Amino acid sequence: MSTRIIIAIDGPAASGKSSTAIRVAERLGLQHVDSGALYRAATAARLREPGERDADRWVEADVLAAARRLVRLVPSHRSFLPQLDGQAADQEIRSGDVTARVSAVARMPGVRAWVNEQVKATATTHSIVVDGRDIGTTVFPEADLKIFLVADPWERARRRLRQRLSHEPAEREIAEEVDRLMHRDHRDAQQSGQASDAVVLDTTHLTQAEQVDRIVALANAVTHRGDGTSGP
């Protein structure tokens with residue numbers, strides 16, 4: 001693509017935002033930005049500090065201080081990745097300790113503002129595909145293409161467990177995961193808003209390849225319009 005564009009992909013937990021966004025970025029030759037990884041990096045940075053381990057009792061100023069001191073968002077081959085104290089930290093930010101605490105950190109207004117600043121900065125130099133929460137409403141209301149992914153809670157739970165367990169989960173396991181997802185949906189509702197001009201894509205019965213194909217086609221149509229040429 002010759003024209004710099006911003007593609008925003010929103011949706012609830014386990015709707016496939018990140019995995020789909022990564023592949024869309026690869027297909028279009030753009031940089032992928034995972035805003036959720038920054039919340040995880042901020043959480044990991046605070047966990048490196050001594051003291052209180054209960055994230056619900058953390059002071060926002062302490063989390064922000066740790067994030068600003070340790071976290072940097074740097075470009076790689078096809079992504080912007082957070083580093084901690086100058087080092088790659090993907091395993092650390094995906095740890096169980098971080099996963100258990102990241103939702104509490106993501107609810108902190110100051111942390112959300114800090115994450116949004118880092119994400120917005122990436123668009124000053126690159127065409128990007130960004131996934132996360134409130135991307136199309138708050139972070140990039142001017143995005144060229146906004147996608148809102150949805151899926152049946154049962155399917156979302158099944159996909160998440162297959163990824164986590166590397167095998168087909170039992171119905172009991174899926175039911176338990178549905179309960180957890182619905183609780184998170186309720187908790188995260190303020191950060192899951194759908195932009196009025198977003199294209200809603202129900203992925204319940206779509207393969208990931210089909211999801212990617214549809215978003216790529218929409219992106220190409222947007223780019224063609226911007227070039228003054230007709231779309232597909």
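In the predicted model, Val-119 is in contact with Val-33, Ser-35, Leu-38, Val-130, Val-139 and Phe-140, its neighbours within four places in sequence being left aside. Val-119 belongs to helix α6 and is buried, its relative accessible area being 1%. One of its partners, Phe-140, is 21 residues away in sequence, and the C-alpha atoms of Val-119 and Phe-140 are 9.3 Å apart in space.

Both residues also figure in the largest nonpolar core, which comprises 41 residues. Within this core, the members that touch the most others are Val-71, Leu-84, Val-111, Trp-114, Val-119, Ile-128 and Phe-140. The greatest contribution to the core is that of α2, which supplies eight residues. A further core, of 19 residues, lies apart from this one and includes Ile-5, Ala-25, Leu-28 and Ile-215.

Helix α3 spans residues 60-70, and its buried residues are Val-63, Leu-64, Ala-66, Ala-67 and Leu-70. Because these residues cover an arc of only 165° around the axis, they lie on the same side of α3. In general, an α-helix has 3.6 residues a turn, so residues three or four places apart point the same way. The buried residues of α3 pack against helices α2 (35-47), α5 (96-106) and α6 (109-122), as well as against strands β3 (71-75) and β4 (79-84).

The pairing of α2 with α3 was examined further. The axes of these two helices come within 8 Å and cross at roughly 100°, so α2 is roughly perpendicular to α3. On the α2 side, the contact is made by Ala-42, Ala-45 and Arg-46; α3 contributes Asp-62, Val-63, Ala-66, Ala-67 and Leu-70. Of these α3 residues, Val-63, Ala-66, Ala-67 and Leu-70 are also listed among the buried residues of the helix.

The loop between α2 and α3 contains Asp-56. With a relative accessible area of 60%, Asp-56 is exposed, in contrast to Val-119, which is buried. Beyond its neighbours within four places in sequence, Asp-56 is in contact with Ala-104 and Arg-107. The side chains of Asp-56 and Arg-107 are joined by a polar contact of 3.4 Å. Asp-56 and Trp-154 are 98 residues apart along the chain, and a distance of 29 Å separates their C-alpha atoms.

Two threonine residues were also considered. Thr-20 is located in helix α1, which covers residues 17-28, and is buried, with a relative accessible area of 0%. When neighbours within four places in sequence are left aside, the residues in contact with Thr-20 are Leu-149, Gln-208, Gln-211, Val-212 and Ile-215. Ile-215 is also among the members of the 19-residue core.

Thr-204 occupies the loop between β8 (199-202) and α10 (208-226). Thr-204 counts as buried because its relative accessibility is 18%, the cut-off being under 20%. A polar contact of 2.7 Å links the side chain of Thr-204 to that of Asp-202. In addition, a polar atom of the Thr-204 side chain lies 2.8 Å from the backbone nitrogen of Asp-152. Asp-152 is likewise one of the residues touched by Thr-204 when those up to four places away in sequence are not counted; the others are Val-150, Ala-151, Glu-155 and Arg-159.

Notes: Residues numbered from 1 in each chain as written. Predicted model: local features only at pLDDT ≥ 70, side-chain atom pairs only at ≥ 80, totals over all residues. Heavy atoms only, no water. Buried < 20%, exposed > 50% of the residue type's maximum accessible area, 1.4 Å probe, protein only. Helix = DSSP H or I, 4+ residues; strand = E, 2+ residues; numbered from the N terminus. Arc of directions from axis to C-beta. Contact = heavy atoms within 4.5 Å. Core = buried A, V, L, I, M, F, W, Y, C linked by side-chain atoms within 4.5 Å. Polar contact = N/O pair within 3.5 Å; in protein donor to acceptor, adjacent residues only side chain to side chain. Axes fitted to C-alpha atoms, helices over the stretch in contact; angles between N-to-C directions. Parallel < 35°, antiparallel > 145°, perpendicular 65-115°, else oblique.
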